Amino acid sequence: MLLALGSLTGCKSMKKNSTTAPAFSETPEERNARMGWWRDARFGMFVHWGLYSGLAGTWNGEPVKGGGMEWIQKKVKADTATYASKAIPLFKPKPGFATEWAKSAKAAGCRYIVFTTKHHEGFALHDSAVTDFDAGSVLHRDLVREIVEACRAEGLRVGFYYSLIDWHHAQYDFSLAKGLPYPLEKSSELAGVRDHAKYIDFLHAQVNELVSNYGTVDVLWWDFSSKFFEGDSAWRATELIAKVRAAQPGIIMNNRLYAASTVKSTGNEHEEFDISHGDFSTPEQRIPENGLPGVDWESCMTMNKTWGYNEHDTKWKSDEKLIRNLIDIASKGGNYLLNVGPKGDGSLPEESVKSLNAIGAWMSKYSESIYGTSASPFKKLDWGRCTQKKHANGTTLLYLFVFDWPTDGKLVVPNLNNQVADAYLLSDKSKKLAFSDDGIIKVISLDTATPDANASVVVLEIKGEPKVSERNE
Ligand code: GLC
């Protein structure tokens with residue numbers, strides 16, 4: 001809902017050079033404490049939902065080609081008025097939709113939800129005083145509040161995705177925003193007449209509403225910048241980060257107010273990471289082969305080929321693939337942010353619900369091997385993956401995820417210079433497994449059939465911290 005602009009001009013957050021927020025500084029211990037819940041969580045649900053969801057990948061009765069249907073406005077090159085007139089009538093959130101999301105996320109074993117409060121189309125899901133392109137004005141509802149409340153009722157942490165890119169705002173200067181998408185390809189009529197500073201004021205004001213009016217916000221998920229358009233010149237990022245941290249001291253932010261600078265070299269990937277730009281990095285639709293050592297990271301990935309709902313997309317990943325992605329990411333020290341794209345009425349696609357339930361069924365038996373664990377001490381294991389956790393009396397639990405159950409019943413754990421204290425199946429802790437300990441090679445005898453077709457978990461308890469010979473080779 002739009003208030004008279006006069007009431008905003010006096011507002012501090014609207015002033016251009018406002019530096020009222022104190023500089024943020026913290027010790028490494030404070031940072032670890034702030035990041036603690038997120039690092040332990042390992043698994044969150046991403047939700048892409050906005051006006052595009054009702055369009056469902058169809059424009060003028062025709063399927064629109066390609067993935068990513070939250071970009072449908074760009075794909076069909078529609079101006080914002082045409083887009084809104086077609087999409088708004090199809091966006092009809094049913095009562096209680098958010099409870100369905102939160103319950104499904106919880107059942108899957110997710111510890112947090114990050115949802116789009118505004119995507120590139122510019123439609124805000126909250127009741128915003130600085131625009132009338134929002135759920136407050138159009139639907140007389142505050143969908144952000146509904147979602148936040150539903151998440152809290154299920155004990156989930158809450159994250160706000162916020163698009164820096166804005167295809168609706170009249171002052172968003174797309175002609176400056178090189179490398180970022182815009183529906184009307186750099187139209188010369190529109191270029192050069194926009195005052196981007198005004199858009200930045202709007203962006204700061206809208207974010208201020210989000211971090212002020214909904215209680216604790218656990219994550220802010222910015223999206224996105226290019227190397228030609230980022231940081232202070234694009235978004236007054238330093239000031240924005242300071243304001244958000246002043247309002248929400250415990251918040252965790254991604255680093256997409258800046259373009260990520262990733263350096264890849266034969267399988268080893270490193271990111272030049274500046275923690276003043278954000279807390280974590282966001283590999284998109286991929287899992288870095290050896291994780292991102294020294295950096296907090298979260299891989300965001302879709303269940304099919306789209307973030308926003310597309311009724312034509314049937315390329316669903318199998319439950320096994322999704323479960324193994326979760327394991328793979330945890331074994332490399334990252335978080336998995338798994339996307340769902342609800343329909344225009346807020347309901348989740350049947351296939352997504354089915355997969356979330358399958359992941360939940362696996363997690364109900366094995367979540368101990370995911371939550372609160374850290375990356376594998378092994379560089380590679382032929383039969384699967386590993387995570388680790390410190391245990392009582394100075395021992396370490398190694399969770400061995402067996403993707404390929406050995407046909408000869410012998411699971412070989414190489415290069416491990418520790419004494420074994422115990423070995424058992426996580427699905428049945430009373431079922432101890434025999435092992436031989438021949439120096440650095442341990443062989444665990446598996447005398448059962450695969451306990452879990454998606455991924456079985458064998459626990460190897462070892463004395464001390466893992467000493468693996470090949471780690472740094
Ligand atoms: C990209 C896309 C966007 C999606 C996001 C998820 O930045 O523009 O549609 O929301 O990735 O990571």
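Select Asp313 first and show what surrounds this residue: leaving aside neighbours within four places in sequence, Asp313 is in contact with Asn304, Lys305 and Thr306, where contact means heavy atoms within 4.5 Å. Keep in mind that this is a predicted model, in which local features need pLDDT of at least 70 and side-chain atom pairs count only at pLDDT 80 or more, while totals for chains, interfaces and linings use all residues. Residues are numbered from 1 along each chain as its sequence is written, and side-chain values use heavy atoms, with hydrogens and water left out.

**Around Asp313**

Zoom in on the side chain of Asp313. A polar contact at 3.5 Å joins this side chain to that of Asn304, and a polar atom of the Asp313 side chain lies 2.8 Å from the backbone nitrogen of Lys305. A polar contact is a pair of N or O atoms within 3.5 Å; within protein, one must be able to donate a hydrogen and the other to accept it, and residues adjacent in sequence count only if both atoms are side-chain atoms.

Colour by secondary structure next, and you will find Asp313 in the loop between E10 and H12. Helices (H or I, at least four residues) and strands (E, at least two) are DSSP runs, numbered from the N terminus. Is Asp313 buried or exposed? At 7% relative accessibility, Asp313 counts as buried; buried means under 20% relative accessible area, exposed over 50%, and partly exposed in between, with a 1.4 Å probe and protein chains only. Now add Lys65: this residue is 248 residues from Asp313 in sequence, and the two are 9.9 Å apart in space, C-alpha to C-alpha.

**Along H12 to H13**

From the Asp313 loop, move on to helix H12 (residues 319-331) and select helix H13 (residues 350-366) with it; their axes come within 9 Å and cross at roughly 50°. Axes are lines fitted to C-alpha atoms, for helices over the stretch in contact, and angles run from 0 to 180 degrees between N-to-C directions. H12 and H13 are therefore oblique to each other: angles under 35 degrees count as roughly parallel, over 145 as roughly antiparallel, 65 to 115 as roughly perpendicular and the rest as oblique.

Show side chains for Asp319, Leu322, Ile323, Leu326 and Ile327 of H12, and for Lys354, Ser355, Ala358, Ile359, Trp362 and Met363 of H13, which make the contact. By class, the residues of this contact of H12 with H13 are 8 nonpolar, 1 polar and 2 charged. Here Ala, Val, Leu, Ile, Met, Phe, Trp, Tyr, Cys and Pro count as nonpolar, Asp, Glu, Lys and Arg as charged, and the others, Gly among them, as polar.

Keep H13 on screen and add helix H6 (residues 97-108): the axes of H6 and H13 come within 7 Å and cross at roughly 40°. Ser104, Ala107 and Ala108 of H6 meet Leu356, Ile359, Gly360 and Met363 of H13. This contact of H6 with H13 has 5 nonpolar, 2 polar and no charged residues.

Follow the chain out of H13 to Ser376, in the loop between H13 and strand E12 (384-390). Ser376 is buried, at 8% relative accessible area. A polar atom of its side chain lies 3.0 Å from the backbone nitrogen of Phe378.

**H9 beside H11**

Select helix H9 (residues 196-212) and helix H11 (residues 237-247), whose axes are 10 Å apart at an angle of about 15°. H9 and H11 are therefore roughly parallel to each other. Their contact is made by Leu203, His204, Val207 and Val211 of H9 with Glu239, Leu240, Lys243, Val244 and Ala247 of H11. The classes in this contact of H9 with H11 are 6 nonpolar, 1 polar and 2 charged.

**Backbone stops**

Most residues other than glycine have a negative phi, and most peptide bonds are trans. With that in mind, centre on Phe224, in the loop between strand E6 (219-223) and helix H10 (231-235). The peptide bond from Asp223 to Phe224 is cis, with omega near -15°.

Go next to Arg42, in the loop between helix H2 (28-41) and strand E1 (43-47). Phi of Arg42 is positive, near 65°, and this residue is buried, with a relative accessible area of 7%.

For the last stop, pick Gln285, in the loop between strand E9 (268-271) and strand E10 (298-301). Phi of Gln285 is also positive, near 60°, and at 34% relative accessibility Gln285 counts as partly exposed.
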